[in-house]
Amino acid sequence: MAPILDIKNLYKSYGATEILKDINVAIEPGDFLVLVGPSGCGKSTLLNCIAGLEPISGGSIDIGGQDMTDVSPKDRNIAMVFQSYALYPTMTVAKNITFGMKVRGVDQATQAAKLAEVSAQLQIEPLLNRRPGQLSGGQRQRVAMGRALVRDPKLFLFDEPLSNLDAKLRVEMRTEIKKLHQNLGASMVYVTHDQIEAMTLATKIVVMKDGIIQQIGTPSEIYNHPENLFVADFMGSPAMNLIPARTQKKDGGTQIEIASATGKPLLLTDTTHRNLPDDVIIGLRPEDIAEAGYRSGQNVQTAHCMIDVVEPAGADTFVVSHLGGKEVTARLHAETTACAGQPLEFAFDLGKVSYFEPNTGERLN
Amino acid sequence: MTDQAFPTAPRRSRNVPLSKIALRWGLYLILCVFALYYLMPLFVMLTTSLKSIEEIRSGSLVALPRDITFDAWATAWSGACTGIQCEGLRPYFWNSVLIAVPAVILSTGIGALNGYVVAQWRFRGANLFFSLMLFGCFIPFQVVLLPMARVLGLMGIAGTIPGLIFVHVIYGIGFTTLFFRNYYVSIPSELVKAAKVDGAGFFRILWSIFLPLSLPIIVVTVIWQFTQIWNDFLFGVSFSQAGTQPVTVALNNIVNSTTGIKEYNVDMAAAIIAALPTLLVYVVAGKYFIRGLTAGSVKG
């Protein structure tokens with residue numbers, strides 16, 4: 001299938017400052033692409049470029065197989081939901097939703113039919129005669145989605161649509177957007193700084209930093225095989241443990257030596273990875289460090305560590321200890337008997353380990 | 001804690017110390033004195049305009065009229081002499097209306113358009129453009145007199161009512177742009193983006209989205225511009241000729257060109273007539289004026 005959105009060698013600069021550098025992304029019809037990154041990484045600018053609200057400095061944007069690089073937003077066959085919802089304050093909900101059709105000269109009967117269909121779908125019929133000012137945050141969000149849905153576009157664009165909602169509503173609306181995506185089978189591009197939103201919604205994630213794409217992949221690829229230290233650190237909560245270590249070739253694998261607070265280094269043996277440089281940073285997710293006996297596998301190694309802090313979180317208990325000069329978080333089962341100030345035997349799942357070059361930050365394995 | 005606060009609240013108000021009450025009444029007294037002080041001239045104008053000329057000469061300045069007569073008002077409106085013509089204020093009053101109404105509408109409209117562009121359609125040099133416009137607000141009238149006279153001459157509208165409209169529109173754009181720009185700058189730019197995606201163009205967005213939001217600032221601008229233009233004397237006296245003078249110039253002519261007995265009652269009536277429209281605008285739209293001035297700060 002031809003890609004629904006194809007961005008090639010996109011550059012964007014304001015004067016001498018380059019905001020986006022050599023962006024190449026393509027998505028298939030039905031994909032849910034999430035652009036994620038810290039503030040100022042250029043993800044919203046990229047979305048505005050896709051929408052045609054910002055002119056680009058180089059490269060091309062194809063939407064639905066057509067070159068849309070210099071086409072105005074209204075002719076790109078897109079719909080967009082904004083962070084502030086951007087509802088027209090003096091118009092009723094119904095007028096907000098039909099405004100686009102009215103501007104395009106769609107006849108009254110079609111407008112009414114579309115409005116009825118979308119408002120039923122989003123369950124906003126009782127609100128149609130209200131003004132945006134009389135709606136709650138969640139309701140405004142729905143109306144903003146309704147305005148996008150009536151367009152029936154090739155591509156939906158979302159610019160941090162949930163960031164103005166409180167935590168509970170955010171989770172609800174997240175599920176709702178996911179359902180919407182599944183029901184419509186529509187193609188969506190979604191900007192967020194929230195990596196959990198990215199993981200839960202996306203079929204494809206683009207991690208950005210300083211206007212450069214760090215990694216493109218499925219949520220699982222991004223989570224399990226981060227391409228560099230930035231992606232490893234940014235995605236996942238609590239963040240991946242990134243521990244400086246020294247390696248040594250050994251019979252049957254590599255010996256990893258991690259400085260420990262007790263003075264006696266912690267030694268692990270990785271039997272699968274060879275040819276690593278002497279100095280590496282090893283990346284292990286908190287859930288890949290368990291209490292000994294609770295994790296088995298081909299490449300699980302155990303070692304004793306001193307526990308600094310125990311943080312019960314209900315479903316899990318997080319345990320913080322100190323390794324290689326860094327705080328290391330392990331996600332243990334809820335009933336663990338670990339207590340602060342005591343040593344505990346941990347099981348390190350080296351089957352899940354990521355190795356990074358300390359200077360360039362690139363992935364090694 | 002909050003439950004206890006309610007029963008104690010009324011008791012506390014009954015026990016207000018005497019000094020506080022005295023202070024409050026003292027404050028009212030001072031305010032009343034100032035109010036009277038400011039109303040005094042209006043009172044004198046009004047009473048004098050209702051007296052006959054004999055009564056003015058014999059009576060006190062602040063005394064109430066013994067016999068109320070509207071003769072002075074009638075004379076001021078349609079009989080008082082400005083130089084050789086004795087038509088009263090009426091033709092000049094209409095001149096002022098013919099100048100002020102189009103000038104207010106045009107300058108408000110252009111201000112809305114300018115403010116919309118400067119606030120929401122940022123272009124290279126938009127800040128410099130806006131600064132220059134602001135600078136226009138602070139150029140004293142006297143500075144533009146001679147260049148403006150030349151421009152009006154070149155345009156062939158010197159001494160005409162369209163000429164005066166032109167002058168007031170040009171001079172007002174700085175202020176009206178400032179008002180609308182400051183109002184529109186508080187409106188999120190995502191609104192424009194959403195409308196663009198919806199397919200609306202530059203003027204459609206202004207008309208359908210921004211203008212319906214603008215009532216408070218339109219009222220402020222209209223009051224401001226109307227007052228400025230109606231009360232203007234310098235442009236009126238400089239760029240008019242016989243027959244196109246605004247009411248302020250005619251008022252001056254009535255007061256200054258009478259010979260013989262000074263008809264104070266006619267002068268006073270004429271002054272009130274000349275001031276009436278601006279007074280009326282404040283009375284009718286005053287509350288919108290206050291609301292509009294503070295509108296940006298309480299946006300939800």
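Chain A and chain B meet through 25 residues of the former and 16 of the latter, where contact means heavy atoms within 4.5 Å. The model is a predicted one: local features need pLDDT of at least 70, side-chain atom pairs count only at pLDDT 80 or more, and totals for chains, interfaces and linings use all residues, while side-chain values rest on heavy atoms, with hydrogens and water left out. Residues are numbered from 1 along each chain as its sequence is written, with chains lettered from A and ligands numbered from 1 in the order in which they are written.

**Where chain A meets chain B**

- About 1,700 Å² is buried between chain A and chain B, and carbon and sulfur atoms give 64% of that; buried area here is the accessible area (1.4 Å probe) that two parts lose on being put together, summed over both.
- The salt-bridge count between chain A and chain B is 0, a salt bridge being a side-chain nitrogen of Lys or Arg within 4 Å of a carboxyl oxygen of Asp or Glu.
- There are, though, 5 residue pairs in polar contact between chain A and chain B, both residues at pLDDT 80 or more. A polar contact is a pair of N or O atoms within 3.5 Å; within protein, one must be able to donate a hydrogen and the other to accept it, and residues adjacent in sequence count only if both atoms are side-chain atoms.
- On the side of chain A that touches chain B, strand S6 (78-81) and helix H2 (93-104) of chain A each supply at least two residues. Helices (H or I, at least four residues) and strands (E, at least two) are DSSP runs, numbered from the N terminus.
- H2(A) has the largest share of that side, with 5 residues.

**The two domains of chain B**

- Chain B is split into domain 1 (17-69) and domain 2 (90-298), with bounds that come from an automatic or database domain assignment.
- Taken over C-alpha atoms, the centres of domain 1 and domain 2 of chain B sit 33 Å apart.
- Domain 1 of chain B puts 8 residues into the contact, and domain 2 of chain B puts in 9.
- Between them, domain 1 and domain 2 of chain B bury about 700 Å², with 83% of it on carbon and sulfur atoms.
- Met45(B), Ser49(B) and Ile53(B) provide 57% of the area that domain 1 of chain B buries against domain 2 of chain B, more than any other three residues.
- The rule finds 0 salt bridges across the interface of domain 1 and domain 2 of chain B, and the polar contact count there is 1 residue pair, both at pLDDT 80 or more.
- Helix H2 (18-49) and helix H3 (53-58) of chain B are the elements giving two or more residues to the domain 1 side that touches domain 2; H2(B) has the largest share, with 4 residues.

**Nonpolar cores**

- The largest nonpolar core has 98 residues, and Leu5(A), Leu155(A), Val189(A) and Tyr184(B) touch the most other members. Such a core is a set of buried Ala, Val, Leu, Ile, Met, Phe, Trp, Tyr and Cys residues joined through side-chain atoms within 4.5 Å.
- Helix H8 (residues 161-184) of chain B gives the most to this core, at 11 residues.
- Leaving aside neighbours within four places in sequence, Val189(A) is in contact with residues including Leu5(A), Ile27(A), Leu47(A), Leu155(A) and Phe158(A).

**Salt bridges**

- Over all chains, the structure holds 13 salt bridges.
- Lys12(A) pairs with Glu54(A), the closest N and O atoms being 3.6 Å apart. Lys12(A) is in strand S1 (residues 5-14) of chain A, whereas Glu54(A) is in the loop between helix H1 (43-51) and strand S4 (58-63) of chain A, 42 residues apart.
- Lys12(A) counts as buried at 4% relative accessibility, as does Glu54(A) at 18%; buried means under 20% relative accessible area, exposed over 50%, partly exposed in between (1.4 Å probe, protein chains only).
- Lys43(A) and Glu160(A) form a salt bridge at 3.9 Å, N to O, and both are buried.
- Asp349(A) and Arg295(A) form another, with the closest N and O atoms 2.8 Å apart. Asp349(A) is buried at 11% relative accessibility, while Arg295(A) is partly exposed at 25%.
- Asp288(A), Arg295(A), Asp349(A) and Lys352(A) are linked in a network of salt bridges.
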